[in-house]
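Trainee: I would like a close look at one part of this model: how its interior is put together. Please take your time over it.

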Amino acid sequence: MNKRVLVVDDEPFIRETLTMLIEALGHEVMEAGDGAEGLRQASSWRPDLIVTDMIMPVMTGAEFCMAVKADPDLAATPVLMLTSHDPLAARLHRFGADEYIAKPFRPSALQARLRVWLDDEA
């Protein structure tokens, strides 16, 4: 079953790469270039999964994640945080992220993690 995935990253190359990897799994993707735009899109589009960068202008990934988790309509939406910084799970979970993925990532490893979150049987 096709799922909806919102990709939030300020780097166009990363957004395009993530979109390609997710669409290759058969899912629909919407992109946002910063957290504020991502929050607007998440509110109207209601994705099944959100993949966001940690470091972004306008609204950081942490601020974005906390806003998603504070919204009753979005709170149950899993958020995967991409980070090139020290990926301490406890620190990222403090922001409400459900999982972290270290950058740079291997495409095959990222797709494996996405399958776990998007597979109905998982």
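**A look inside**

Mentor: Happily! Of the 122 residues of the protein chain, 46% count as buried (under 20% relative accessible area, with exposed meaning over 50% and partly exposed in between, for a 1.4 Å probe and protein chains only). This is a predicted model, in which local features need pLDDT of at least 70 and side-chain atom pairs count only at pLDDT 80 or more, while totals for chains, interfaces and linings use all residues. Residues are numbered from 1 along each chain as its sequence is written, and side-chain values use heavy atoms, leaving out hydrogens and water.

The protein chain has 5 helices and 5 strands (DSSP runs numbered from the N terminus: H or I of at least four residues for helices, E of at least two for strands). From the N terminus on, these elements run β-α-β-α-β-α-β-α-β-α. Contacts, meaning heavy atoms within 4.5 Å, reach far along the sequence: residues 24 or more positions apart account for 60% of those with a separation of 6 or more.

Let's start with the sheet. The sheet is open, and its 5 strands pair in parallel in the order β2-β1-β3-β4-β5 (pairing requires at least two DSSP bridges between two strands). β2 (28-32) and β5 (99-102) are at the edges with a single partner strand each, so one side of each has no neighbour in the sheet. From one strand to the next, the twist averages 20° (axes are lines fitted to C-alpha atoms, for helices over the stretch in contact, and angles between N-to-C directions run from 0 to 180 degrees).

Two helices to find next are α2 and α3. Helix α2 (residues 35-45) packs on the sheet, where it touches β1 (4-8), β2 and β3 (49-53), and its direction makes about 145° with that of β2. Helix α3 (residues 61-70) also packs on the sheet, in contact with β1, β3 and β4, and makes about 175° with the direction of β4.

Within the sheet, β1 and β2 pair in the parallel sense over 5 bridges, and the partner of Arg 4 in β2 is Glu 28. Of the 5 residues of β1, 4 are buried, so the strand is largely enclosed by the rest of the structure. Farther across, 4 bridges join β4 (residues 79-83) to β5, with Leu 82 opposite Ile 101.

Two residues of these strands deserve a stop. Ala 32, in β2, is buried with a relative accessible area of 1%. Beyond residues up to four places away in sequence, Ala 32 touches Leu 6, Val 7, Val 8, Asp 9, Arg 15, Glu 37, Gly 38 and Gln 41. Its C-alpha atom is 9.5 Å from that of Pro 12, 20 residues apart along the chain. Met 81, in β4, has a relative accessible area of 0% and is buried. Between the C-alpha atoms of Met 81 and Ala 97, 16 residues apart in the chain, the separation is 6.2 Å.

Now for the cores. The largest nonpolar core has 18 residues, and Leu 6, Val 8, Ile 50, Phe 64 and Val 68 have the most contacts inside it (such a core is a set of buried Ala, Val, Leu, Ile, Met, Phe, Trp, Tyr and Cys residues joined through side-chain atoms within 4.5 Å). The elements giving two or more residues to this core are β1, α2, α3 and β4, and α3 gives the most, with 4 residues. Phe 64 itself touches Leu 6, Val 8, Gly 35, Gly 38, Leu 39, Ile 50, Thr 52 and Met 59, again leaving out residues up to four places away in sequence. A second, separate core has 16 residues, including Leu 18, Leu 21, Val 51 and Leu 82.

Finally, helix α1 (residues 12-24). The buried residues of α1 are Ile 14, Arg 15, Thr 17, Leu 18, Thr 19, Leu 21 and Ile 22, and they pack against β1, β2, β3, β4 and α5 (107-118). In α5 you will find Gln 111, which is buried with a relative accessible area of 16%. Neighbours within four places aside, Gln 111 is in contact with Leu 21, Ala 24 and Leu 25. After α1 comes Gly 26, whose phi is positive, near 90°.
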